[in-house]
Amino acid sequence: MTELSTDAAAAFVYAEALCLDEQRWQDWLALYADDAVYWIPSWKDDHATTEDPATEVSFMYAAGRGRLEERVKRASGTKSIASMPLPRTLHCISNVIVTPAVDAPEAGAAAGESASRWRVQSNCVTQIYDLRRDGLKAMACRYEHLLAEVDGALRIARKKIVLINDNVPTVLDFYCV
């Protein structure tokens, strides 16, 4: 694949959001490359986020799909009291912009191969309905997906989520943003 249209990129990001909203965790995980990075940086000050998850605080950082699988297992199991029952969510995605990712590391490519990669930016507002408190909360964020072609299919090589309202009004987990 040499080009990714805005419509195709938007459809992919929408499909990921629908997997989260319908709690189809295995379908959601399948969208990620094995070595994917999922990162929600925290804010250093009013207008700058942290830049290095290894040395600075993050809201969430998961290197590798295995770490995401652990989060899914915890959220869908019976040991996370904070996640029981899971809230209902509605992810509203807008402003999808696609550019080639020429400066990004070779994600999803075997040694010596090149991968087709695209940077997909979008905005998201997630409506979160907490069944325990009968309350609706909202999370606003900016998404940056790095999509890579892996074995002929699009996969998420990296997802960075910048929270706009970082005074988190509810439990913060992967399904909330």
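These legends walk through several close-up views of a predicted model.

**View 1. The whole chain, before zooming in.**
Start with the layout: the protein chain has 3 helices and 6 strands. Follow the sequence from its beginning and the pattern reads α-α-β-β-α-β-β-β-β. There are 177 residues in the protein chain, and 42% of them count as buried. Now look at who touches whom. Taking contacts in the protein chain with a separation of 6 or more, 63% come from residues 24 or more positions apart.

**View 2. Helix H1 and what it leans on.**
H1 runs over residues 6-21, which makes 16 residues. From first C-alpha to last, H1 reaches 22 Å, close to the 22 Å expected at 1.5 Å a residue. Which residues of H1 are buried? They are Ala9, Ala10, Phe12, Val13, Glu16, Ala17, Cys19, Leu20 and Asp21. Plenty of partners meet these buried residues: they pack against helix H2 (25-30) and against the strands E1 (32-41), E3 (88-100), E4 (117-130), E5 (135-150) and E6 (153-163). Just past the end of H1 sits Gln23, with a positive phi of about 55 degrees.

**View 3. Helix H3 and its buried face.**
H3 covers residues 65-76, 12 residues in all. Its reach from first C-alpha to last is 16 Å, close to the 16 Å expected at 1.5 Å a residue. The buried residues here are Leu68, Val72 and Ala75. Why do they line one face of the helix? Looking down the axis of H3, you find its buried residues within an arc of 70 degrees, so they share one face. A general point helps here: an α-helix has 3.6 residues a turn, so residues three or four places apart point the same way. As for neighbours, the buried residues of H3 pack against H2, E1 and strand E2 (58-63).

**View 4. Where Ser76 meets Gln23.**
Ser76 belongs to helix H3. Is Ser76 buried or partly exposed? Its relative accessible area is 42%, so Ser76 is partly exposed. Ser76 and Gln23 are 53 residues apart in sequence, yet their C-alpha atoms are 9.0 Å apart in space.

**View 5. Inside the largest nonpolar core.**
This core has 42 residues, and the ones touching the most other members are Trp28, Tyr38, Phe174 and Val177. H1 gives the largest share of the core, with 7 residues. Another core, of 5 residues, lies apart from this one, and its members include Ala101, Leu146, Ala148 and Val150. In soluble globular proteins, nonpolar side chains tend to be buried together. For a closer look at one busy member, pick Tyr38. Leaving out residues up to four places away in sequence, Tyr38 touches Trp28, Tyr32, Met60, Tyr61, Ala62, Leu68, Lys159, Ile161, Phe174 and Val177.

**View 6. Rings meeting rings.**
How many aromatic pairs does the structure hold? There are 7. Take Trp28 and Phe174: their ring centres are 4.8 Å apart and their planes are at 20 degrees, so the pair is stacked. This pair links distant parts of the chain, with Trp28 in helix H2 and Phe174 in the segment after E6, 146 residues apart. Both Trp28 and Phe174 are buried. Tyr32 and Tyr38 make a tilted pair instead, at 6.4 Å centre to centre with 55 degrees between the planes. Tyr32 and Tyr38 are buried too. Step back a little and you see one aromatic cluster formed by Trp25, Trp28, Tyr32, Tyr38, Phe174 and Tyr175.

**View 7. A lysine over a ring.**
Here the partners are Lys159 and Tyr143. Lys159 lies over the face of Tyr143, at 4.2 Å from the ring centre.

**View 8. Asn95 and Asp151, two residues with positive phi.**
Most residues other than glycine have a negative phi. Asn95 is not a glycine, but its phi is positive, near 55 degrees. You'll find Asn95 in strand E3. With 53% relative accessibility, Asn95 counts as exposed. Asp151 also has a positive phi, near 50 degrees. Where does Asp151 sit? Look in the loop between E5 and E6. Asp151 is exposed, with a relative accessible area of 80%.

Note on methods: Residues are numbered from 1 along each chain as its sequence is written. Side-chain values use heavy atoms; hydrogens and water are left out. Helices (H or I, at least four residues) and strands (E, at least two) are DSSP runs, numbered from the N terminus. The expected span of a helix is 1.5 Å times one less than its number of residues. Buried means under 20% relative accessible area, exposed over 50%, partly exposed in between (1.4 Å probe, protein chains only). Contact means heavy atoms within 4.5 Å. A nonpolar core is a set of buried Ala, Val, Leu, Ile, Met, Phe, Trp, Tyr and Cys residues joined through side-chain atoms within 4.5 Å. The arc is that of the directions from the helix axis to the C-beta atoms. Rings of Phe, Tyr and Trp (its six-membered ring) pair if their centres lie within 6.5 Å; planes under 30 degrees apart count as stacked, over 60 as edge-to-face and the rest as tilted. A charge sits over a ring if NZ of Lys or CZ of Arg is within 6 Å of the ring centre and within 35 degrees of the ring normal.
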